[in-house]
Amino acid sequence: MLVNIEGPSCPLRGVAEVPGDKSISHRAALIAALAPGKSCIDNFSPGRDNRSTLSCLRRLGVRWRLDTSAGQLVVHGQGRLVEPASVLDCGNSGTTMRLLAGVLASRPLFAVLTGDGSLRGRPMDRVVRPLEAMGARIWGRAQHALAPLAIAGTELAGHSHDLPVSSAQVKSCLLLAGLSARGLTRVREPAPSRDHTELMLAGSGVVLGFSNGWIQLEGGQTPSPVELRVPGDPSAAAFLLAAAAVVPGSDVTVLRLGLNPTRTGFLEVLRHMGAGISITNRTSYGREPVGDVRLVHRPLQAVDIPPETIPSLIDELPVWAVVATQARGVSRVVGARELRFKETDRLKAIHQLLAGLGAEVEVTADGFAIEGGHALAAAEVASHGDHRMAMAAAVAALCARGETTIRDAGCVAVSFPSFFPTLDALRTGAGS
């Protein structure tokens, strides 16, 4: 799918909604599958990644029904899973593969997890090694570092995991494994990553402890059925808010957006750069804070993003790099090596995208520096099959002179299927 965008854009104006949070939707479906009884999840994400999780759960014997028009997922959990008769295809979803690995490692069944070419190239040893420390039996390519992963479930023993890198996926994998493990499972990260798993487990009756940076749970616990509404995805909203931040005269509001403190780093950085941000109608969906976020365009100043901030905006860094091209001064990111292990090497992809449009960008081993204030010129650019790079390219195109062509733009369906129509509505002032 090719998408052409003419720039520079007129102001973006209006109100928009984004899909339900992708991370929360994954976790809600998995926990509901483990909970005996009926779970109802409203505003479940329509993205392709979440469909991968649902598809895998069906092959594991979980009954569910998704009303796409209402966005409601109903799951009938049995408290157990059945051995799948065929391979579990996780598609492009690293969350599906890593979290399912934790769930399956302690279940009395054999399963094989695979995915598309991109996912089969992403590192899985970061979950395999700590699961092996709990007694898991897992095999994979490259000395068990790459999918396909073959898992022979067995009884696990609790373990203390002091993670070298903050990762919500790894943390969640180990906590889900710990539910069925013998004894105490403990996890600690260098810096806090998104905590949706902890909040949802606690909301479903699982007892967790928190002390000196450690999260712990005793094995042998079974979650209760899930009843929740999923907030709007802040990572999806970032692309609409970034577009408003870089196009003069813009005024955009995103409704019912998740405001979990572990996910608001992008908003805080935009505020420090000078963007006009306000939040109204604050409420909560279960244990997740929610509100309406309005961004009014103002001139932007360059900022530096330190390593401790990276976990709170790791998925937004590609589009933040676009914002940095429109800020006065040099913006820098350090400590973001994790970007090299996403759907593509996003550090390399950021350089290719922005340099191809005429920006001044320098990439390092774990970050990048961008000198703002240079005019962008339209070009044909690649998404690399990465949904976040495709949407970042669309935002950059709004600032570039001429018509920018984005190759393989259909990959936005992974997380935000309606992205391009939503962006077009805001550009014409028809945002509803």
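This report covers the pockets, cavity, cores, strand pairing and backbone exceptions of the structure. The model is predicted.

## Pockets and cavity

The open and closed spaces come first. The table lists them by volume and by the classes of their lining residues.

| Space | Volume | Nonpolar lining residues | Polar lining residues | Charged lining residues |
|---|---|---|---|---|
| Largest pocket | about 940 Å³ | 14 | 15 | 17 |
| Second largest pocket | about 240 Å³ | nine | four | four |
| Largest cavity | about 70 Å³ | eight | two | one |

The largest pocket has a lining of 46 residues. R126, V165, S166, S167 and E338 lie nearest its centre. Several elements each supply at least two residues of this lining: α1 (22-34), α3, α5 (125-133), β10 (160-162), α7 (168-179) and α13 (387-397). By class, the lining of the largest pocket has 17 charged, 15 polar and 14 nonpolar residues.

Helix α3, one of those contributors, spans residues 94-104 and is mostly covered. How many of its residues are buried? The count is 11 of 11. The buried residues of α3 include the charged R98. Among the others are G94, T95, T96, M97 and L104.

The second largest pocket holds about 240 Å³ of space. Its lining has 17 residues, and L199, M200, L228, G286 and R287 are the closest to its centre. Helix α8 (196-203) and strand β14 (227-229) each supply at least two lining residues. The largest share, four residues, comes from α8. Nine residues of the lining of the second largest pocket are nonpolar.

There is one cavity of 30 Å³ or more. Its volume is about 70 Å³. Three elements give two or more residues to its lining: α9 (234-246), β15 (251-258) and α10 (265-273). Which of the elements gives the largest share of the lining? Helix α9 does, with four residues. The full lining consists of P234, A237, A238, L241, L257, G258, L259, R263, T264, F266 and L267. Eight of these lining residues are nonpolar, two are polar and one is charged.

## Nonpolar cores

In soluble globular proteins, nonpolar side chains tend to be buried together. Here the largest nonpolar core has 80 residues. M273, L317, W320, L354, F368 and F419 have the most contacts inside this core. Its largest share, 11 residues, comes from α9. Helix α9 also gives the largest share of the cavity lining.

What does F368 touch, leaving out residues up to four places away in sequence? Its contacts include L317 and W320, which are themselves among the residues with the most contacts in the core. A321, V333, L339, L347, I350 and V363 are also among the partners of F368. So are S331, R332 and E362.

A second core is separate and has 63 residues. F44, L113, L119 and L175 belong to this second core.

## A paired hairpin

Strands β16 (residues 276-285) and β17 (residues 288-296) pair in the antiparallel sense. The pairing runs over eight bridges. One bridge joins T280 to D292 in β17. The hairpin has two residues between the strands. There, G286 takes a positive phi near 65°. G286 is also one of the residues closest to the centre of the second largest pocket.

## Backbone exceptions

Most residues other than glycine have a negative phi, and most peptide bonds are trans. Some places in this model depart from that pattern.

Two cis peptide bonds can be noted. The bond from G7 to P8 is cis, with omega near -5°. P8 is in the loop between β1 (3-7) and β2 (13-16). A cis bond also joins A147 and P148, where omega is about 5°. P148 is in strand β9 (residues 146-152).

Positive phi values also occur outside glycine. R256 has a phi of about 50° and is found in strand β15. Is R256 buried or partly exposed? R256 is partly exposed, with a relative accessible area of 34%. H384 has a positive phi near 60°. H384 is in the loop between β23 (380-382) and α13. H384 is partly exposed too, because its relative accessible area is 36% and the partly exposed class runs between 20% and 50%.

Methods. Residues numbered from 1 in each chain as written. Heavy atoms only, no water. 1 Å grid on protein atoms, 1.4 Å probe; cavity = no way out; pocket = protein on both sides within 12 Å on 5 of 7 lines; lining within 4 Å. Points joined across faces, edges and corners; volume = space filled by probe spheres on them. Core = buried A, V, L, I, M, F, W, Y, C linked by side-chain atoms within 4.5 Å. Buried < 20%, exposed > 50% of the residue type's maximum accessible area, 1.4 Å probe, protein only. Contact = heavy atoms within 4.5 Å. Pairing = 2+ DSSP bridges.
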